[in-house]
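Let's look at where a ligand sits in a protein, and then at a pocket. Have the model open as you read.

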Amino acid sequence: MTLGEIMNIGVIGLGFVGLSISSVLASKNYNVVGIDIDKQKCSDIRNGVLPLFEPDLENTLRIGLKKKLTISNNFSLIKNCDIIFVTVGTPQKSNGAIELSMIKKATTTIGQIIRKSKKNSIIFIKSTVVPGTTQNVILPILEKESGKKVNRDFGVISNPEFLQESNAIRDTKYPHAIVLGGKQSKYMKKAKMFFSKMHPNVPIVITNFQTAEMIKYANNSFLATKISFINQLSNICQNIPGTNIDDIAKIIGLDPRIGKLFLNAGPGYGGSCLPKDINALINFANKIGVNPILLNAVKNTNREQVSNIVSLMKKILGDITSKRITILGTAFKPNTDDIRDSKSIELIKKLLKNKAKIIIHDPKAIENTKKIFGEKILYTKSIADALNKSQCVIIMTHWKQYDTLNNNSIKHMNKKNIIDCRRVLVKKELDAKYYAIGIGKN
Ligand code: NAD
């Protein structure tokens, strides 16, 4: 087996992760087959229409499609693949555990296809799964369905993904580390060679399945911990007149033992990964008899953030029934249209329960937000329309468009109340009642 043999690559599941990987690999001249069960999605992608908004993805996909990227719902196309990335979703069940049905289905089909293949393929599990899943769930499916033996006839490697939405292409091209979990074998050697060629100078860590799986959870739960930590401090600061959470975050972030990233106080962490991964790790720890006290505190701190915003609003407006409230930003962070587990969605649900009238603005996420709220709320593409006659505006997502808000932008508000969860306007002299999360009012 030589490195030169890896030219044909399969990617199963074309969401944020799979589509980013397929596009980047195809743009680097690999023959890539991207497979998804969603026919419509495949057809849209083939025509260059993205199912999601992600900076640079459209361009990278276009380059990939001009080269050797095939998009299909026909799994048999992976028969000739040297390596196959599994990137299907592992969403959260109501008890916090991860839903494995998609990965079971995908690996069942992969097994049936490699049964007929002459290739000694390597299957990389990129989907996030709790420790033990590859060994105890995925491997037995692959061996049973293929009738072949792992490490002899094919390889299986846990290869957790660390990309961040809104930076997916950059992170796919320039990852900070590569984790390869599995047995030492010719397949592991081949995988290491493939990744060192793809990403020279990036550390490659080789470990066993369960450690690789745990690394992903360790990573995300640490990031969530940083966010909950700064949010907890921010709540304290808000009650100390004159205190500024950003100055505190900036200075502690200069300490190399702490680091400056993920110390932005706000309405709490959201998105498709951090909440789900924390819940899965808590569920997993409980199952194996460990009480995850810190993780529970991280989760509870995060849950309180939106309730704190609602309490602040009630303090400002009194009864919020029928009050017109503007939400700026529903995406869980800027530069994405992803609203999965977005704190804005949670806030809107709470405000609707209180019978407030909601009008929202988001540069990219309106269509996704409509899928949740339909006609229960109002949507606008213009910030001015969103603010017109409003009694309170809440800045939830730091889209750069909101930096330019000024006295002129708020002049048609019915009552000039601003709750700024991202401290976007903190340095402006505004003719308004201005409340910033993490800034103690004098
Ligand atoms: P996603 O929900 O955006 O996309 C998953 C895709 O898989 C969908 O297009 C779906 O149609 C497809 N799919 C489902 N079952 C399939 C099957 N049997 N065969 C083929 N396709 C199938 O998910 P995502 O956000 O790309 O995440 C994928 C995995 O990577 C998850 O485990 C997630 O936790 C992990 N992850 C996500 C991110 C992120 O930022 N989104 C980052 C790191 C890791």
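Helices here are DSSP runs of H or I with at least four residues, numbered from the N terminus. This is a predicted model, so local features need pLDDT of at least 70 and side-chain atom pairs count only at pLDDT 80 or more, while totals for chains, interfaces and linings use all residues. Residues are numbered from 1 along each chain as its sequence is written, and side-chain values use heavy atoms, with hydrogens and water left out.

Start with the ligand. It has 26 residues around it (a heavy atom within 4 Å), and Asp-36 and Lys-276 are among the closest. Helix 1 (16–27) and helix 4 (101–115) each give at least two residues to this shell.

Here are some polar contacts, meaning pairs of N or O atoms within 3.5 Å:

| Side chain | Ligand atom | Distance |
|---|---|---|
| Lys-41 | oxygen | 2.5 Å |
| Thr-90 | oxygen | 2.5 Å |
| Glu-165 | nitrogen | 2.9 Å |

On its own the ligand exposes 840 Å², and the protein buries 91% of that (Shrake-Rupley method, 1.4 Å probe).

Now for the second largest pocket. What is its volume? It comes to about 500 Å³, counted as the space filled by probe spheres set on the grid points. Its lining has 20 residues, and Arg-303, Asp-341 and Glu-346 are among the closest to its centre. Helix 10 (274–287), helix 11 (293–317) and helix 12 (343–353) each add at least two lining residues. Helix 12 gives the largest share, with 6 residues.

Notes: A polar contact is a pair of N or O atoms within 3.5 Å; within protein, one must be able to donate a hydrogen and the other to accept it, and residues adjacent in sequence count only if both atoms are side-chain atoms. On a 1 Å grid over the protein atoms alone, a cavity is a set of points where a 1.4 Å probe fits but cannot get out, and a pocket is an open set with protein on both sides within 12 Å along at least five of seven lines; lining residues have an atom within 4 Å of a point.
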